[in-house]
Amino acid sequence: MRYRKTEPKELTKEQAKDKALRLLEFRSHSEKELTDKLKRAGAKEFDIEEILEFCRNYGFVDDKKYAAAKARDLKNLKKYGLKRIKAELYSKGISAEDIEEALLELDDDEEEVLLPLVRKKLGGDFEKKNIDKCIRYFLYRGYSFSDIRNCIDEIKTEYEE
């Protein structure tokens with residue numbers, strides 16, 4: 001049995017507005033995310049712009065607040081580094097200016113957050129294979145190589161004492 005991808009039916013302005021408000025009811029979205037979801041649902045381009053304007057006026061969509069909250073969540077909950085946070089926000093359609101502003105609000109001391117994470121990941125095993133795996137893991141999570149290396153060296157010296 002073959003499934004055909006049907007074209008989304010065109011939404012009226014009111015239907016598109018209801019869709020946008022339903023989406024925003026569950027979580028905040030960036031303007032780009034909301035635009036993309038409305039396009040996929042079948043909303044017209046000029047209706048989307050009016051809906052976004054309505055949402056901006058009532059404070060339902062605010063990329064600056066969204067970027068700050070998302071950056072805080074990624075740092076505190078997912079323990080991402082600044083590079084990964086920046087990439088995640090960029091993928092959500094946040095402007096470079098808003099991303100920089102959001103990153104400035106975060107604590108800059110990445111090594112303080114990274115040290116216990118590296119300690120747990122290594123678990124006292126300093127074989128080259130395990131260290132390389134640890135470095136790759138934290139590079140993917142957005143931390144700088146020098147910070148990771150410093151944490152590993154610090155943990156090694158603690159174990160040697």
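1. Start at a loop. K79 sits in the loop between α4 and α5 (82-91). The model is a predicted one. K79 is not a glycine, yet its phi is positive, about 60°. How exposed is K79, by relative accessibility? Its value is 33%, so K79 counts as partly exposed. That figure falls between the 20% limit for buried and the 50% limit for exposed.

2. Another positive phi follows helix α2. The residue there is G42, with a phi near 110°. So there are two places to look at on the backbone: K79, which is not a glycine, and G42 after α2.

3. Now the whole chain. How many helices and strands does the chain have? The count is nine helices and zero strands. Read from the N terminus, the order is α-α-α-α-α-α-α-α-α. The radius of gyration is 22 Å, well over the 15 Å that the globule rule gives for 161 residues, so the chain is more spread out than a compact globule.

4. The box and the burial add to this picture. Along the principal axes, the C-alpha atoms fill a box of roughly 70 × 50 × 25 Å. Of the 161 residues, 35% are buried. Take the contacts between residues at least 6 apart in sequence: 64% of them join residues at least 24 apart.

5. Helix α2 deserves a closer look. It covers residues 31-41, and E33, L34, T35 and L38 are buried in it. What covers these buried residues? The cover includes α1 (13-26), α3 (45-57) and α4 (63-76). A general point helps when reading such lists. An α-helix has 3.6 residues a turn, so residues three or four places apart point the same way.

6. Take α1 against α2. Two packed helices are described by the angle between their axes and the distance between the axes. Here the axes come within 10 Å and cross at roughly 135°. That angle makes α1 oblique to α2. The crossing is right-handed. On the α1 side, the contact is made by A16, K19, A20, L23 and L24. On the α2 side, it is made by L34, K37, L38 and A41. By class, this contact has seven nonpolar, no polar and two charged residues.

7. Next, α2 against α3. At what angle do the axes of α2 and α3 cross? They cross at roughly 140° and come within 10 Å. The two helices are therefore oblique to each other. Their crossing is right-handed. From α2 come E31, L34, T35, L38 and K39. They meet E45, I48, I51, L52, C55 and R56 of α3. By class, the contact has six nonpolar, one polar and four charged residues. L34 and L38 appear here, and they appear in the contact with α1 too. Both are buried.

8. The third pair is α1 and α3. These helices pack at an angle of about 45°, with their axes 10 Å apart. They are therefore oblique to each other. The crossing is right-handed. In α1, the residues are K13, A16, K17, A20, L21 and L24. In α3, they are D47, E50, I51, F54 and C55. By class, there are seven nonpolar, no polar and four charged residues in this contact. A16, A20 and L24 of α1 take part here, and they are also listed in the contact with α2. I51 and C55 of α3 meet α1, and they meet α2 as well.

9. Pick out D47. It belongs to helix α3. Is D47 buried or exposed? Its relative accessibility is 4%, so D47 counts as buried. The limit for buried is under 20%. Leaving aside neighbours within four places in sequence, D47 is in contact with L11, T12 and K13.

10. Finish with Y159. This residue lies in helix α9 (residues 145-160). Its relative accessibility is 48%, so Y159 counts as partly exposed. Which residues does Y159 contact, neighbours within four places in sequence left aside? They are G123, G124 and F126. Compare its position with T12, a contact of D47. Y159 and T12 are 147 residues apart in sequence. In space, C-alpha to C-alpha, they are 66 Å apart.

Technical notes
Residues are numbered from 1 along each chain as its sequence is written. This is a predicted model: local features need pLDDT of at least 70, side-chain atom pairs count only at pLDDT 80 or more; totals for chains, interfaces and linings use all residues. Side-chain values use heavy atoms; hydrogens and water are left out. Buried means under 20% relative accessible area, exposed over 50%, partly exposed in between (1.4 Å probe, protein chains only). Helices (H or I, at least four residues) and strands (E, at least two) are DSSP runs, numbered from the N terminus. Contact means heavy atoms within 4.5 Å. Axes are lines fitted to C-alpha atoms, for helices over the stretch in contact, and angles run from 0 to 180 degrees between N-to-C directions. Angles under 35 degrees count as roughly parallel, over 145 as roughly antiparallel, 65 to 115 as roughly perpendicular and the rest as oblique. A crossing is left-handed if the near helix is turned anticlockwise from the far one by less than a right angle, and right-handed if clockwise. Ala, Val, Leu, Ile, Met, Phe, Trp, Tyr, Cys and Pro count as nonpolar, Asp, Glu, Lys and Arg as charged, and the others, Gly among them, as polar. The radius of gyration is taken over C-alpha atoms; the globule rule is 2.2 Å times the number of residues to the power 0.38.
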